[in-house]
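The following exercises concern backbone geometry, helix packing and pocket lining. Each task is followed by a solution in steps.

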Amino acid sequence: MHIPLDRHNLIPLYLQIEEALRCAILDGTFKDGDKLPSTRTLASELSVSRLTTENAYAELGAKGLLQTRRGSGAYVRHPLSIPAIPPLDSNEPFPLDRFTTTTSRLDGYADIPLPGGFINFAAGIGSPMIFPLEEFRKIMQSVLRRHAEDAFSYGDYCGYYPLRDTLARILSVQGIPTRAEQVLITNGSQHAISLVSQLLLSAGDSVLVEEPTYAEALTLFSLHGINVVSIPCDQDGMEVDKLADLLEKHQPRLIYTIPNFHNPTGRCLSEARRYQLLNIVEQTDIPILEDDFVGDLRYNGATLPSLRSLSTRGNVIYVSTFSKMLLPSLRIGYLVADTRWYTPLARIKHADSFTSSNLIQRSLDAFVTVGRYEKQLQRACRLYKRHRDAMVAALRRYLPDGCHFEIPQGGLFIWLQLPVDVTISQLMPLAWQQKVTFARGSCFFKEDPRAEFSLRLNFASNTPELIAEGIERLSQAIVLCRQQHHS
């Protein structure tokens, strides 16, 4: 069995093997009931230890994709929850009937596994492959052994206090003075944004956002009947000099901003503009919701002070998450707020979702407090920097003339601007035929003609080899689109 292994990659070999086998199972290469090689045979073929292949099979078994029969071997088991996907014909048109603006993958296709051979640049997450599964599994087992009864209880609806204290210490070291009593644990950063919206906004109120901005925040505001007021951005982030006029005209009840490695553009709000923003806003007492979803993932340049740390009046609510750096399924985020907002936010959380997983919080606190957080952060930054550099190199090599992009200093994304003769509506079906997907710009704009010439590329969730292949495919699709336009 041929499985390409990168022995210099930070991703453990057993996870590389597990990923290759999982993809082969999901795309139909292996059928339900197929027998896989023994762990001894596979270890010999791949020149790895038997423990490595045993761990890979254990991961597949834990995900329900493998069944081990004593004395017989390991057999493929397709989970019933995964819909069957017919093989994609290269001439098959892009499925416009599934072209929506609210799918989490943002590429117009239902959020189910892509057909075999696709390269996905549309994801909004990092790579789950870098998560130290073995370490976290041991920590969770330890928590269960020592505190099973407490771990399975509801726990404090504000969050497990030792975790809140740990987060307060981490933030304080990072220059954001915080007390545990100011930290509210949430079910991911999206939940935190929702809680703040429920507290500060009512139907018909206005919220000021950067344009473009986080797609799911726009969806959330729309669902609550909130009027979205957009402020343009350039390479230095929000164009703050246009803020005063917008505040006077629209009287927004909240300003939502992503100052670090902005989603989708990857830009950072300059330090001068951070001070300028606060000087303007603190004269009005309008609260700011600072979404710092990947602020830790910096690869170049100096760290910039958070808006919350610069605020002299405490009118900044700070939101972050573990999902992007550690594992999306953890669903643990948090917000930091002063008492005037903290207490009502905690009450809303209690009514909205009661508590967050006590077991995951306790395990996460044990993971963070023993120093693994900083180690994991450094590991993630090293890996993602390699991925970013691989995408930049591929874009420079393959992109046709007329395309433009900026190199982010951190985060997960590169924002690509298409030439005027190539639109997203024309490009996406052709990219689909080339078996590559991306997040289209229209998801990140309220209303703006630039949306038809913009797309977001995730460099974190694919290997450098797949990144190069995917960018080459995307570039071919752009060339084909251009030829059709001029024919």
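Helices (H or I, at least four residues) and strands (E, at least two) are DSSP runs, numbered from the N terminus. The model is predicted: local features need pLDDT of at least 70, side-chain atom pairs count only at pLDDT 80 or more, and totals for chains, interfaces and linings use all residues. Residues are numbered from 1 along each chain as its sequence is written, and side-chain values use heavy atoms, with hydrogens and water left out.

**Exercise 1. Helix α3**

Task: Determine which residues of α3 are buried and what covers them.

Solution.
1. Begin with the span. The 13 residues of α3 reach 18 Å from first C-alpha to last, close to the 18 Å expected at 1.5 Å a residue; the expected span is 1.5 Å times one less than the number of residues.
2. Apply the accessibility classes: buried is under 20% relative accessible area, exposed over 50%, and partly exposed in between (1.4 Å probe, protein chains only). The buried residues of α3 are then T52, T53, A56, Y57, E59 and L60.
3. Examine their directions. Viewed down the axis of α3, these buried residues fall within an arc of 155°, so they line one face of the helix; the arc is that of the directions from the helix axis to the C-beta atoms. In general, an α-helix has 3.6 residues a turn, so residues three or four places apart point the same way.
4. Turn to the other side of α3, where L51 and A62 are exposed.
5. Identify the cover, with contact meaning heavy atoms within 4.5 Å. Among the elements over the buried residues of α3 are α1 (13-26), β1 (35-36), α2, β2 (66-69), β3 (73-76) and α4 (133-151).
6. Finish beyond the helix end: G64 follows α3 and has a positive phi, near 80°.

**Exercise 2. Backbone exceptions**

Task: Locate the residues other than glycine with positive phi at S47 and K435, and the cis peptide bonds before P212 and P264.

Solution.
1. Recall the background: most residues other than glycine have a negative phi, and most peptide bonds are trans.
2. S47 has a phi of about 60° and sits in the loop between α2 (39-46) and α3 (50-62). This residue is exposed, at 56% relative accessible area.
3. K435 shows a phi of about 65° in the loop between α14 (424-433) and β15 (436-437). With 25% relative accessibility, K435 is partly exposed.
4. E211 and P212 are joined by a cis peptide bond with omega about 5°; P212 belongs to the loop between β6 (206-211) and α7 (215-223).
5. N263 and P264 are likewise joined in cis, with omega about 25°, and P264 lies in the loop between β9 (254-257) and α9 (271-281).

**Exercise 3. The second largest pocket**

Task: Which element gives the most to the lining of the second largest pocket?

Solution.
1. Fix the term. On a 1 Å grid over the protein atoms alone, a pocket is an open set of points where a 1.4 Å probe fits, with protein on both sides within 12 Å along at least five of seven lines; lining residues have an atom within 4 Å of a point.
2. The second largest pocket is lined by 35 residues, with Q174, D292, G295, D296 and L377 nearest its centre.
3. Two or more lining residues come from each of α5 (161-173), β11 (316-321) and α13 (372-398).
4. The element sought is α5, with 6 residues.
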